[in-house]
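Me: I am new to this structure and would like a close look at a single part of it, followed by what lies around that part. Please keep the account plain.

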Amino acid sequence: MEKFVIEGGRPLSGTVPIVGAKNAALPILAATVLAQGPILIDNMPHLLDIQVMLDILRSLGVQASHTGTKALIDASNMHTAEITEERMKKMRSSIFLMGPLLARFGEATVYQPGGCAIGERRIDLHLNGLRAMGAVVSESGNKIECRAHKLRGAQINLDFPSVGATENLMMAAVTADGITTITNAAREPEITDLQIFLNRMGAKIMGAGTQTLTIEGVKRLQPCEHRIIPDRIVAGTLMIAAAATRGHITLEGVVPGNLTSLVYVLRRAGVQIGIERDIINIVAYNRPRAVERIVTSPYPSFPTDLQAQLMVLLSLADGGSIIKETVFEERFKHVRELSLMGADIRVDHNCAKIRGVPRLYGATVEATDLRAGAALVIAGLAAVGRTIVQQIHHIDRGYESIETLFTRLGGHMERTISIKQDRLASSM
Ligand code: EPU
């Protein structure tokens, strides 16, 4: 029942370090069940989704703590390979445990996962890949049971370079008999981080960052230490926020090479960007220019996870822009909310046609999913007047105290509890 109250119209300025990447941390946490003994993971962000993953691990008998930026995980005493439906429904990434559980125990019982409502989000590529490796997979209702006395190496071609399927199958294949190749694999930087982590545990994986992964099965994995890569989507969200508020910010501890497609689009919009080692400087004192056409697709193309945020910037641009969303079918839910703030956007199938307006105006809006929520926060910071963003639990899934982040940069926003809940608390 919490909400953000944002007083817009102040340019962001200042310096901010970038935290560890949610989408790298989640599969890496799932991979910890592949070894026995203490595993230390640094740069672990404090997010709702990370808490959910740690809770799921604990429910399987894994010891897991998260203090400061460090997570300490020990999967020596696991007692089950079954995850309850309630826990599976809490987030999409719960499915990452299917491959590792099957590899370690020869069985896994899971349910259809939940997650942000941004499209159909099937898991057929995960299941077909496991079947190709010799698993018997049976589905009844939402329940999925996988069995394989010993997985065996296989040649798997993904119909679509799914991030989650690539990661799940990598984790299943590390201790399989023989060699697995995954072609048309996803190439996201988070896949490379997973490869580095698994190889530190003793796996033999090559090819992350390319379309073909080769995984030579090994007998067993050992504990290791690892540091999660910086979150390119958090960095990108901040870069767009700086541009939308016509501010000037510096990001520290980023991997600029992971943000190439965004940097290219922002420069076309007239934003000045300076890059030096792991530092990115963003300066945007003028109204952004429209960018004719942006198409989201798998890495290294423009990421779907920054589409909503970019739409805010283009809503304020001089001229018309088009964004085509090709990854998820229902990832334009922010359009309705942005329209309440004065944006001029028309959606035609998977294309959003945006006619830039000189300014957005504060309104009461609702975060429908994680990145849509981040987009509304940016819109609120850039808008004239007061914006209230509701349903902000979605935002907490992927941004560590976003209000602190933006307040440090000079934005005016605070988290408040809705009156309804205040009344409830005082009557108890
Ligand atoms: N797909 C299938 N079958 C499958 C798997 C995927 O049809 O078996 C389809 C999906 O329905 C979707 C497309 O393929 O249309 C892409 O899905 P993908 O599997 O690549 O996405 P994901 O693994 O579910 C991860 C990120 C998402 C990010 C996408 C795309 C994590 C934990 N999540 O999801 O992050 O949008 O890749 O880059 O890594 C977010 O952080 O806000 C977020 C949604």
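How many residues surround the ligand, and which are the closest?

Reply: The model is a predicted one. In it, 23 residues surround the ligand. The closest are Asp124, Ser162, Asp305, Val327 and Arg371.

Some polar pairs can be listed by residue. In Arg92 the side chain has an N or O atom that is 3.0 Å from an oxygen atom of the ligand. With Arg122 the backbone takes part: one of its N or O atoms lies 3.2 Å from a ligand oxygen. Leu125 also takes part through the backbone, where a polar atom is 2.8 Å from an oxygen atom of the ligand. On its own the ligand has 830 Å² of accessible area, and the protein covers 91% of this.

One of the closest residues, Asp124, leads on to a helix, α5, which spans residues 124–132. Helix α5 lies across β7 and β8, and runs at about 145 degrees to β7. These two strands belong to an open sheet of 3 strands, ordered β6-β8-β7, with antiparallel pairing. At its edges are β6 (107–111) and β7 (136–140), each of which pairs on one side only. From one strand to the next the twist averages 15 degrees. Between β7 and β8 (residues 143–147) there are 5 bridges in the antiparallel sense, and one of the pairs is Ser140 with Lys143 in β8. A further helix, α4 (residues 98–105), lies across β6 and β8, at about 155 degrees to β6.

A second open sheet has 4 strands in the order β2-β14-β16-β15, and its pairing is mixed. The edges are taken by β2 (13–17) and β15 (272–276); each has a single partner strand, so one side of each is left without a neighbour in the sheet. Neighbouring strands here are turned by 15 degrees against each other on average, direction ignored. The partner of β15 is β16 (residues 279–283), which runs antiparallel to β15 and is joined to it by 5 bridges. Within this pair, Ile273 has Ile282 of β16 as its bridge partner. Helix α8 (residues 232–244) packs on the sheet and touches β2, β14 (248–252), β15 and β16, with a direction at about 165 degrees to that of β14.

Helix α8 also meets another helix, α9 (residues 260–268). The buried residues of α9 are Ser261, Leu262, Val263, Val265 and Leu266, and they pack against α8, β15, β17 (293–296) and α10 (307–315). After α9 comes Gly270, with a positive phi near 95 degrees.

Helix α10 contains Ser315. Ser315 is buried, its relative accessible area being 0%. Apart from neighbours within four places in sequence, Ser315 is in contact with Ala343, Ile345, Ile354, Arg355, Gly356 and Val357. Among these contacts, Ile345 falls in β19 (residues 344–348), while Ile354 and Arg355 fall in β20 (residues 351–355). The two strands pair in the antiparallel sense over 5 bridges, and Val347 stands opposite Ala352 in β20. Their hairpin has 2 residues between the strands, and His349 there has a positive phi near 50 degrees.

How values were computed: Residues are numbered from 1 along each chain as its sequence is written. This is a predicted model: local features need pLDDT of at least 70, side-chain atom pairs count only at pLDDT 80 or more; totals for chains, interfaces and linings use all residues. Side-chain values use heavy atoms; hydrogens and water are left out. Two strands pair if DSSP finds at least two bridges between them. Axes are lines fitted to C-alpha atoms, for helices over the stretch in contact, and angles run from 0 to 180 degrees between N-to-C directions. Contact means heavy atoms within 4.5 Å. Buried means under 20% relative accessible area, exposed over 50%, partly exposed in between (1.4 Å probe, protein chains only). A residue is near a molecule or strand if one of its heavy atoms lies within 4 Å of it. A polar contact is a pair of N or O atoms within 3.5 Å; within protein, one must be able to donate a hydrogen and the other to accept it, and residues adjacent in sequence count only if both atoms are side-chain atoms. Accessible areas come from the Shrake-Rupley method with a 1.4 Å probe; for residues, only the protein chains shown count as cover.
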